[in-house]
Amino acid sequence: MKNCFKEGAISSDFIGTSIAHHQVKTNIGAHQIFLGQVRADSIDGKEVMAIEYSAHEEMANKAFHDIREATFDKFDLTCMHIYHSLGVVKTGEICLFAFVSSKHRKEVQRAIEYLVEEIKEKVPIFGKELFEDGSFVHKVNL
Amino acid sequence: MKVETHYYGMISDRLERSSELHTFETEGGTVNLRDYFETRHPELKEINYKIAVNHEITDILPANTEINEIALLPPFAGG
(Lines give C-alpha, C1' and ligand atoms only; values in the text may rest on other atoms or scores of the structure.)
Protein backbone atom coordinates (compact mmCIF):
# COMPACT_ATOMS: atom_id res chain seq x y z
CA MET A 1 0.00 0.00 0.00
CA LYS A 2 1.41 3.37 -1.00
CA ASN A 3 2.12 5.78 1.85
CA CYS A 4 0.39 9.07 1.00
CA PHE A 5 1.66 10.89 4.09
CA LYS A 6 4.53 13.33 4.39
CA GLU A 7 5.85 14.65 7.69
CA GLY A 8 5.20 18.40 7.97
CA ALA A 9 4.20 20.81 5.21
CA ILE A 10 4.29 19.89 1.51
CA SER A 11 6.85 22.21 -0.03
CA SER A 12 6.48 24.18 -3.26
CA ASP A 13 9.71 22.47 -4.42
CA PHE A 14 8.09 19.06 -4.01
CA ILE A 15 4.99 20.20 -5.92
CA GLY A 16 7.07 21.80 -8.68
CA THR A 17 9.24 18.70 -9.07
CA SER A 18 6.13 16.53 -9.26
CA ILE A 19 4.76 18.68 -12.09
CA ALA A 20 8.12 18.58 -13.91
CA HIS A 21 8.15 14.76 -13.81
CA HIS A 22 5.13 14.78 -16.12
CA GLN A 23 6.90 16.50 -19.01
CA VAL A 24 7.88 13.09 -20.41
CA LYS A 25 4.24 11.93 -20.41
CA THR A 26 3.33 13.62 -23.68
CA ASN A 27 -0.09 11.98 -24.00
CA ILE A 28 -1.28 14.30 -21.18
CA GLY A 29 -3.09 17.45 -22.27
CA ALA A 30 -4.41 18.73 -18.92
CA HIS A 31 -3.42 18.71 -15.26
CA GLN A 32 -5.58 19.80 -12.37
CA ILE A 33 -4.11 20.40 -8.92
CA PHE A 34 -5.78 21.00 -5.58
CA LEU A 35 -3.69 22.45 -2.76
CA GLY A 36 -5.10 22.54 0.74
CA GLN A 37 -3.55 25.37 2.75
CA VAL A 38 -3.76 25.91 6.51
CA ARG A 39 -5.94 28.95 7.11
CA ALA A 40 -5.47 31.45 9.95
CA ASP A 41 -9.03 31.17 11.23
CA SER A 42 -10.08 33.33 14.14
CA ILE A 43 -11.82 31.28 16.84
CA ASP A 44 -13.15 33.00 19.98
CA GLY A 45 -10.81 35.92 19.32
CA LYS A 46 -7.69 33.76 18.94
CA GLU A 47 -5.92 33.20 15.63
CA VAL A 48 -4.95 29.70 14.45
CA MET A 49 -1.14 29.45 14.11
CA ALA A 50 -0.91 25.88 12.79
CA ILE A 51 -2.74 22.57 12.49
CA GLU A 52 -1.29 19.39 13.94
CA TYR A 53 -2.44 16.43 11.85
CA SER A 54 -2.65 12.82 13.00
CA ALA A 55 -4.26 9.80 11.37
CA HIS A 56 -5.04 6.13 11.62
CA GLU A 57 -2.31 5.69 9.04
CA GLU A 58 -3.07 2.15 7.94
CA MET A 59 -6.79 2.85 7.48
CA ALA A 60 -6.05 6.20 5.86
CA ASN A 61 -3.64 4.75 3.30
CA LYS A 62 -6.23 2.05 2.50
CA ALA A 63 -8.88 4.79 2.11
CA PHE A 64 -6.55 6.78 -0.17
CA HIS A 65 -5.99 3.61 -2.21
CA ASP A 66 -9.75 2.91 -2.52
CA ILE A 67 -10.53 6.54 -3.44
CA ARG A 68 -7.76 6.46 -6.03
CA GLU A 69 -9.17 3.27 -7.60
CA ALA A 70 -12.72 4.69 -7.61
CA THR A 71 -11.52 7.93 -9.20
CA PHE A 72 -9.67 6.04 -11.94
CA ASP A 73 -12.86 4.00 -12.56
CA LYS A 74 -15.08 7.09 -12.84
CA PHE A 75 -12.82 9.31 -14.96
CA ASP A 76 -10.50 8.81 -17.92
CA LEU A 77 -7.25 9.76 -16.18
CA THR A 78 -3.64 9.19 -17.12
CA CYS A 79 -2.23 9.51 -13.62
CA MET A 80 -3.00 10.67 -10.10
CA HIS A 81 -0.97 11.63 -7.03
CA ILE A 82 -2.15 12.35 -3.50
CA TYR A 83 -0.06 13.59 -0.55
CA HIS A 84 -1.26 14.69 2.87
CA SER A 85 0.72 16.09 5.78
CA LEU A 86 1.16 14.60 9.23
CA GLY A 87 2.40 16.58 12.20
CA VAL A 88 2.47 20.37 12.47
CA VAL A 89 1.72 22.52 9.41
CA LYS A 90 1.84 26.30 9.94
CA THR A 91 -0.73 28.73 8.53
CA GLY A 92 0.00 29.50 4.89
CA GLU A 93 1.67 26.13 4.33
CA ILE A 94 0.30 23.31 2.20
CA CYS A 95 -1.20 20.22 3.87
CA LEU A 96 -2.88 18.47 0.90
CA PHE A 97 -1.57 18.05 -2.64
CA ALA A 98 -3.91 16.26 -5.05
CA PHE A 99 -2.84 16.06 -8.68
CA VAL A 100 -4.73 14.46 -11.59
CA SER A 101 -3.79 14.34 -15.28
CA SER A 102 -5.66 13.40 -18.43
CA LYS A 103 -5.82 14.03 -22.16
CA HIS A 104 -8.56 16.64 -21.75
CA ARG A 105 -9.46 19.37 -19.25
CA LYS A 106 -13.06 18.37 -18.46
CA GLU A 107 -12.01 14.98 -17.10
CA VAL A 108 -9.50 16.47 -14.68
CA GLN A 109 -11.83 19.28 -13.60
CA ARG A 110 -14.53 16.78 -12.62
CA ALA A 111 -12.05 14.29 -11.18
CA ILE A 112 -10.34 16.73 -8.82
CA GLU A 113 -13.64 17.84 -7.28
CA TYR A 114 -14.70 14.23 -6.70
CA LEU A 115 -11.27 13.28 -5.36
CA VAL A 116 -11.01 16.10 -2.81
CA GLU A 117 -14.57 15.62 -1.53
CA GLU A 118 -13.92 11.89 -1.08
CA ILE A 119 -10.67 12.57 0.81
CA LYS A 120 -12.38 15.01 3.18
CA GLU A 121 -15.25 12.62 3.87
CA LYS A 122 -13.60 9.20 3.98
CA VAL A 123 -9.97 9.41 5.13
CA PRO A 124 -9.42 9.11 8.91
CA ILE A 125 -7.22 12.15 9.39
CA PHE A 126 -7.60 14.33 12.49
CA GLY A 127 -6.49 17.88 13.14
CA LYS A 128 -5.82 20.13 16.10
CA GLU A 129 -5.93 23.87 15.42
CA LEU A 130 -3.14 25.32 17.55
CA PHE A 131 -3.12 28.84 19.03
CA GLU A 132 -0.12 30.91 20.08
CA ASP A 133 -0.95 30.58 23.80
CA GLY A 134 -0.60 26.78 23.60
CA SER A 135 -4.34 26.06 23.61
CA PHE A 136 -6.07 24.22 20.77
CA VAL A 137 -9.41 23.12 19.33
CA HIS A 138 -10.12 20.03 17.26
CA LYS A 139 -10.81 20.70 13.58
CA VAL A 140 -13.83 19.02 11.98
CA ASN A 141 -14.57 18.98 8.24
CA LEU A 142 -17.95 20.54 7.41
CA MET B 1 -10.28 -12.31 23.91
CA LYS B 2 -8.14 -9.25 24.72
CA VAL B 3 -8.24 -6.57 22.04
CA GLU B 4 -6.08 -3.46 21.77
CA THR B 5 -8.33 -0.43 21.32
CA HIS B 6 -6.83 2.74 19.84
CA TYR B 7 -8.22 6.21 20.46
CA TYR B 8 -7.58 9.04 18.01
CA GLY B 9 -7.75 12.85 17.93
CA MET B 10 -10.22 14.43 20.33
CA ILE B 11 -11.14 11.02 21.78
CA SER B 12 -7.54 10.39 22.80
CA ASP B 13 -7.40 13.86 24.41
CA ARG B 14 -10.74 13.43 26.17
CA LEU B 15 -9.94 9.98 27.58
CA GLU B 16 -6.30 10.97 28.28
CA ARG B 17 -4.94 7.82 26.68
CA SER B 18 -4.15 6.65 23.17
CA SER B 19 -5.00 2.99 23.67
CA GLU B 20 -6.12 0.39 26.17
CA LEU B 21 -6.82 -3.33 26.31
CA HIS B 22 -10.42 -4.54 26.47
CA THR B 23 -11.66 -8.08 26.95
CA PHE B 24 -14.58 -9.29 24.86
CA GLU B 25 -16.48 -12.57 24.87
CA THR B 26 -18.05 -13.13 21.45
CA GLU B 27 -18.67 -16.87 21.68
CA GLY B 28 -22.16 -16.23 23.02
CA GLY B 29 -23.11 -13.69 20.35
CA THR B 30 -22.42 -10.22 19.07
CA VAL B 31 -21.33 -7.24 21.18
CA ASN B 32 -22.66 -3.70 20.67
CA LEU B 33 -19.41 -1.78 20.89
CA ARG B 34 -20.98 1.69 21.12
CA ASP B 35 -22.94 0.61 24.21
CA TYR B 36 -19.85 -1.12 25.60
CA PHE B 37 -17.51 1.89 25.26
CA GLU B 38 -20.10 4.48 26.33
CA THR B 39 -20.79 2.49 29.51
CA ARG B 40 -17.06 2.52 30.36
CA HIS B 41 -16.38 6.04 29.10
CA PRO B 42 -19.64 8.07 29.38
CA GLU B 43 -17.87 11.16 27.98
CA LEU B 44 -17.99 9.43 24.57
CA LYS B 45 -21.75 10.13 24.45
CA GLU B 46 -20.88 13.80 23.85
CA ILE B 47 -18.61 13.04 20.86
CA ASN B 48 -19.56 12.15 17.30
CA TYR B 49 -17.37 9.15 16.41
CA LYS B 50 -17.08 5.98 14.34
CA ILE B 51 -15.86 2.57 15.46
CA ALA B 52 -13.57 0.46 13.27
CA VAL B 53 -13.10 -3.28 13.86
CA ASN B 54 -10.17 -4.70 11.92
CA HIS B 55 -10.26 -1.44 9.89
CA GLU B 56 -13.94 -1.81 8.93
CA ILE B 57 -16.50 0.71 10.23
CA THR B 58 -19.14 -1.00 12.40
CA ASP B 59 -20.80 -0.71 15.80
CA ILE B 60 -21.14 -4.46 16.17
CA LEU B 61 -18.46 -6.95 17.17
CA PRO B 62 -19.46 -10.12 15.29
CA ALA B 63 -19.75 -13.46 17.07
CA ASN B 64 -16.85 -15.92 16.89
CA THR B 65 -14.53 -13.59 15.02
CA GLU B 66 -10.83 -13.01 15.56
CA ILE B 67 -10.34 -9.32 16.30
CA ASN B 68 -6.93 -7.75 15.87
CA GLU B 69 -7.76 -4.10 16.50
CA ILE B 70 -10.55 -1.74 17.41
CA ALA B 71 -10.24 2.00 16.71
CA LEU B 72 -12.45 4.88 17.83
CA LEU B 73 -12.34 7.61 15.19
CA PRO B 74 -13.59 11.16 15.81
CA PRO B 75 -14.82 13.36 12.90
CA PHE B 76 -12.36 13.56 10.03
CA ALA B 77 -10.43 16.76 9.35
CA GLY B 78 -8.18 16.03 6.38
CA GLY B 79 -7.54 18.49 3.59
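Strand S7 of chain A, residues 125–131, is a good place to start in this predicted model. Five of its seven residues are buried, so S7(A) is largely enclosed by the rest of the structure. Here a residue is called buried if 20 or more other C-beta atoms lie within 10 Å of its own.

What does S7(A) pair with? One partner is strand S4 of chain A, residues 46–55, which lines up with S7(A) in the antiparallel sense over seven bridges. If you would like a spot to look for on screen, find Ala50(A), whose bridge partner in S7(A) is Leu130(A).

S7(A) also pairs with S8(A), again antiparallel, and here four bridges join the two strands. To see this pairing, pick Glu129(A) and look across to Val137(A), its bridge partner in S8(A). S7(A) and S8(A) form a hairpin with four residues between the strands. Within this hairpin, Gly134(A) takes a positive phi near 90°.

Now let us turn to chain B. The contact between the chains takes 21 residues from chain A and 13 residues from chain B. Our two hairpin strands, S7(A) and S8(A), reappear here: each gives two or more residues to the side of chain A that touches chain B, as do helix H2 (57–74) and helix H3 (105–122) of chain A. Which element gives the largest share of that side? It is H3(A), with four residues.

As for chemical character, the side of chain A that touches chain B is a mixture: nine of its residues are nonpolar, seven are polar and five are charged.

Note on methods. Residues numbered from 1 in each chain as written. Chains lettered and ligands numbered in written order. Predicted model: local features only at pLDDT ≥ 70, side-chain atom pairs only at ≥ 80, totals over all residues. Contact = placed C-beta atoms within 7 Å. Nonpolar A, V, L, I, M, F, W, Y, C, P; charged D, E, K, R; others polar. Buried ≥ 20, exposed ≤ 12 C-beta atoms within 10 Å, placed from the backbone. Pairing = 2+ DSSP bridges.
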